[in-house]
Amino acid sequence: MMYNFPGASGGIDLDSDLVTEIAREAPNICGIKLTCGAVGKLTRITANTATSKFADYPRKSSTAPDFVTLGGFADFLLPTVLASRAHGAIMGLGNVYPKALARLFELASKGELEKALVLQDLASATDAAFVKTGIAGTKWFLQKYHGYPTCRMRRPLLEFDPVKGAELEKNPDVMKFLEIENSL
């Protein structure tokens with residue numbers, strides 16, 4: 001599986017033409033996760049791989065799935081599912097709000113747009129808040145609100161500043177999304 005994450009790869013950002021070319025020519029590649037935030041790129045890739053014409057490019061194994069396209073942020077889960085034919089997302093926020101994000105995915109898949117938009121708005125605002133705190137903020141929140149035993153970071157990541165945690169707790173969207181998570 002390919003992983004396009006410019007923020008963790010020195011700014012290298014695979015374009016949709018290259019991803020499509022690799023998908024066609026490398027039958028051992030089963031998909032891509034896009035943590036670049038480019039909904040247009042995700043849409044172009046699925047336009048080339050989630051259609052019947054992609055059957056001309058079979059996977060190496062007959063048991064392998066079609067080419068899977070996944071988003072990497074919660075802030076565009078609804079457009080990912082609803083409009084682009086992508087398969088879903090793998091996102092850091094799923095560690096903190098798994099039930100609420102699964103509910104958003106379910107609503108989007110069923111076409112219940114108004115209900116999905118309410119959750120998408122909260123997911124987008126919450127994702128933006130957590131991006132500012134990084135992995136350490138996510139681990140801190142998991143320890144405080146979900147009973148994880150530690151928020152200790154592995155090297156070379158720096159320890160979390162609790163002042164930033166207080167900022168997360170002051171964010172009404174973060175806490176409202178947590179209420180929804182806890183209600184499910």
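The following legends describe close-up views of a predicted model.

**Figure 1. Packing of helix H5 against helix H7.** Helix H5 spans residues 113–146, and helix H7 spans residues 172–183. The two helices pack at an angle of about 80°, and their axes lie 8 Å apart. Because angles of 65 to 115 degrees count as roughly perpendicular, H5 and H7 are described as roughly perpendicular to each other. On the H5 side, the contact is formed by Leu119, Leu122, Ala123, Ala125, Thr126, Ala129, Phe130, Phe141, Tyr145 and His146. The H7 side contributes Asp173, Val174, Met175, Lys176, Phe177, Leu178, Ile180 and Asn182.

**Figure 2. Packing of helix H5 against helix H6.** Helix H6 comprises residues 162–170 and packs on H5 at an angle of about 90°, with 9 Å between the axes. H5 is therefore roughly perpendicular to H6. The residues of H5 that take part are Ala129, Phe130, Lys132, Thr133, Gly137, Trp140, Phe141, Lys144 and Tyr145. They meet Lys164, Gly165, Ala166, Leu168 and Glu169 of H6. Among the H5 residues listed here are Ala129, Phe130, Phe141 and Tyr145; Ala129, Phe130, Phe141 and Tyr145 are also listed in the contact with H7.

**Figure 3. A cis peptide bond in the loop between H5 and H6.** The view is centred on proline 156, which lies in the loop between these two helices. The peptide bond leading from arginine 155 to proline 156 is cis, and its omega angle is near 10°.

**Figure 4. The salt bridge between lysine 41 and aspartate 13.** A search of the whole structure finds six salt bridges, one of which joins the side chains of lysine 41 and aspartate 13 at 2.5 Å, N to O. This pair links distant parts of the chain, its members being 28 residues apart. Lysine 41 belongs to helix H2, whereas aspartate 13 is in the loop between strand S1 (2–4) and helix H1 (16–25). Lysine 41 has a relative accessibility of 6% and so counts as buried, the limit for that class being under 20%. Aspartate 13, at 41% relative accessibility, counts as partly exposed.

**Figure 5. A salt-bridge network in helix H4.** Side chains of opposite charge can pair when their charged atoms come close. In this view, glutamate 106 and arginine 103 form a salt bridge through their side chains at 2.7 Å, N to O. Both residues lie in helix H4 (residues 98–110), where they are three residues apart, about one turn of the helix. A further salt bridge, at 3.2 Å, N to O, joins lysine 110 to glutamate 106. Lysine 110 and glutamate 106 are four residues apart within H4, again about one turn of the helix. Salt bridges with shared partners thus connect Arg103, Glu106 and Lys110 in one network. Within it, glutamate 106 is partly exposed at 34% relative accessibility, and arginine 103 is partly exposed at 27%. Lysine 110, with a relative accessible area of 55%, is exposed.

**Figure 6. The surroundings of threonine 69 in strand S3.** Threonine 69 is located in strand S3. Its relative accessibility is 0%, and it therefore counts as buried. When neighbours within four places in sequence are left aside, threonine 69 is in contact with Ile32, Leu34, Leu42, Ile45, Thr46, Thr49, Ala86, His87 and Gly88.

**Figure 7. A nonpolar surface patch that includes leucine 113.** Leu82, Leu113 and Leu117 make a nonpolar patch of about 240 Å² on the surface. Leucine 113 is found in helix H5 and is partly exposed, with a relative accessible area of 41%.

**Figure 8. Serine 52 and glycine 40, each viewed with a partner residue.** Serine 52 is placed in the loop between helix H2 (39–49) and strand S3 (68–71). With a relative accessibility of 68%, serine 52 counts as exposed. Serine 52 and glutamine 120 are separated by 68 residues in sequence and by 30 Å in space, C-alpha to C-alpha. Glycine 40 lies in helix H2 and is partly exposed, at a relative accessible area of 36%. Between the C-alpha atoms of glycine 40 and lysine 164 the separation is 32 Å, with their positions 124 residues apart along the chain.

Conventions. Residues numbered from 1 in each chain as written. Predicted model: local features only at pLDDT ≥ 70, side-chain atom pairs only at ≥ 80, totals over all residues. Heavy atoms only, no water. Patch = residues over 30% accessible without salt bridge, like charges linked within 9 Å, V, L, I, M, F, W, Y side chains within 5 Å. Areas by Shrake-Rupley, 256 points an atom, 1.4 Å probe, with all protein chains shown as cover. Salt bridge = Lys/Arg side-chain N within 4 Å of Asp/Glu carboxyl O. Buried < 20%, exposed > 50% of the residue type's maximum accessible area, 1.4 Å probe, protein only. Contact = heavy atoms within 4.5 Å. Axes fitted to C-alpha atoms, helices over the stretch in contact; angles between N-to-C directions. Parallel < 35°, antiparallel > 145°, perpendicular 65-115°, else oblique.
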